[in-house]
Amino acid sequence: MISEKMNQLINDQYHREMFSAHQYFAMSSYFLDKDLDGFANFFRVQAEEEIMHGLKQFDYVHEVDGKITSGPLEAPENEFESVLDVFEKALGHERYITQNINAIVKAALEEGDFATHNFFQWFIEEQVEEESLMRSLIAKLKLIDGNTSALYMMNEELMARKAGQEAA
Ligand SMILES: [Fe+2]
Ligand SMILES: [Fe+2]
C-alpha cells in the first residue's frame with residue numbers, strides 16, 4: 001500500500017520520464033533532419049530508455065496498490081543552436097531529473113516508505129550514469145570543436161548504440 005502523497009510524487013515522476021522520451025525523440029528528429037543519423041540514433045535509444053523508466057514506475061505504483069493517472073505532457077524543444085547545444089540541454093534535463101528522484105527518495109525515507117525508497121535506488125544509480133554519459137559526450141564535442149571529420153567519426157560511433165547498451 002502506498003500513501004496518496006507518494007503515489008502523487010511517483011505519478012509526477014512517471015510524467016517526467018515520458019516527457020524525457022518526448023524531448024529526446026525531438027532531439028533525434030533534429031539530427032535526422034541534419035543527416036546526422038548516428039546522433040539521431042543515440043537520442044532515439046535514449047528516448048526508448050526513458051519510456052522503460054516510466055514503465056518501471058508505472059508497474060511499481062500498481063504493484064503497491066496505487067494508480068497512475070495520465071495527464072498532459074509539455075511540448076519539448078525542437079530547435080537547437082548546435083550539436084553541443086543539444087547535449088548541454090540534455091545534461092541540464094538529466095540534472096533536473098536527478099533532483100526530482102532525490103526528492104522522492106527523501107520523501108520516502110521521511111514517511112518510512114522503505115519499499116519506495118528501495119525501488120528508487122536503481123534510479124539513483126541510473127542518474128549517475130545518465131549525467132556521466134552526457135558529460136563525457138560534451139567533453140568529446142568540445143575537443144572536436146567543429147572539426148567535420150571528427151564529428152563524422154563520432155556520428156559513426158553513436159550509430160552503433162543499441163537499446164540496453166551503454167553508449168561510447
Ligand atoms: Fe529517466
Ligand atoms: Fe534520463
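This report describes the salt bridges, the aromatic contacts and a charged surface patch of a predicted model.

## Salt bridges between separate elements

The count of salt bridges in the model comes to seven. One of them pairs Glu77 with Lys89, whose closest N and O atoms are 3.5 Å apart; this pair links distant parts of the chain, since Glu77 sits in the loop between α2 (37-63) and α3 (83-110), while Lys89 belongs to helix α3, twelve residues apart. Glu77 is partly exposed, with a relative accessible area of 39%, and Lys89 likewise counts as partly exposed, at 31% relative accessibility.

Another salt bridge joins Lys142 and Glu88, with the closest N and O atoms 3.8 Å apart. Because Lys142 lies in helix α5 (residues 121-144) and Glu88 in helix α3, the pair ties together parts that are 54 residues apart in sequence. At 36% relative accessibility, Glu88 falls into the partly exposed class.

## A salt bridge within α3, and a network

Helix α3 also holds both partners of a salt bridge, Lys106 and Glu110, which lie four residues apart, or about one turn of the helix; their side chains meet at 3.5 Å, N to O. Lys106 counts as exposed because its relative accessibility is 54%, where the class begins over 50%, and Glu110 is exposed too, with a relative accessible area of 59%. Elsewhere, Glu77, Asp85 and Lys89 are joined into one network by salt bridges that share partners.

## Aromatic contacts

A search of the whole structure finds 16 aromatic pairs. In one of these, the rings of Trp122 and Phe123 have their centres 4.9 Å apart and their planes at 80°, so the pair is classed as edge-to-face. The two residues are unlike in their accessibility: Trp122 is partly exposed, with a relative accessible area of 34%, whereas Phe123 is buried, with a relative accessible area of 1%.

An aromatic cluster is formed by Tyr24, Tyr30, Phe31, Phe39, Phe42, Phe43, Phe80 and Phe87.

## A negative patch on the surface

On the surface, Asp33, Asp35, Asp37, Glu79 and Glu156 gather in a patch of negative charge. Among these residues, Asp33 is found in helix α1, which covers residues 4-33, and Asp33 counts as exposed, with a relative accessibility of 64%.

Methods:
Residues are numbered from 1 along each chain as its sequence is written. Chains are lettered from A and ligands numbered from 1 in the order in which they are written. This is a predicted model: local features need pLDDT of at least 70, side-chain atom pairs count only at pLDDT 80 or more; totals for chains, interfaces and linings use all residues. Side-chain values use heavy atoms; hydrogens and water are left out. Patches are made of residues with over 30% relative accessible area and no salt bridge: like charges are joined within 9 Å, nonpolar side chains (Val, Leu, Ile, Met, Phe, Trp, Tyr) within 5 Å. Accessible areas come from the Shrake-Rupley method with a 1.4 Å probe; for residues, only the protein chains shown count as cover. A salt bridge is a side-chain nitrogen of Lys or Arg within 4 Å of a carboxyl oxygen of Asp or Glu. Lys and Arg count as positive and Asp and Glu as negative; His and the chain ends are not counted. The place of a charge is taken as NZ of Lys, CZ of Arg, CG of Asp or CD of Glu. Helices (H or I, at least four residues) and strands (E, at least two) are DSSP runs, numbered from the N terminus. Buried means under 20% relative accessible area, exposed over 50%, partly exposed in between (1.4 Å probe, protein chains only). Rings of Phe, Tyr and Trp (its six-membered ring) pair if their centres lie within 6.5 Å; planes under 30 degrees apart count as stacked, over 60 as edge-to-face and the rest as tilted.
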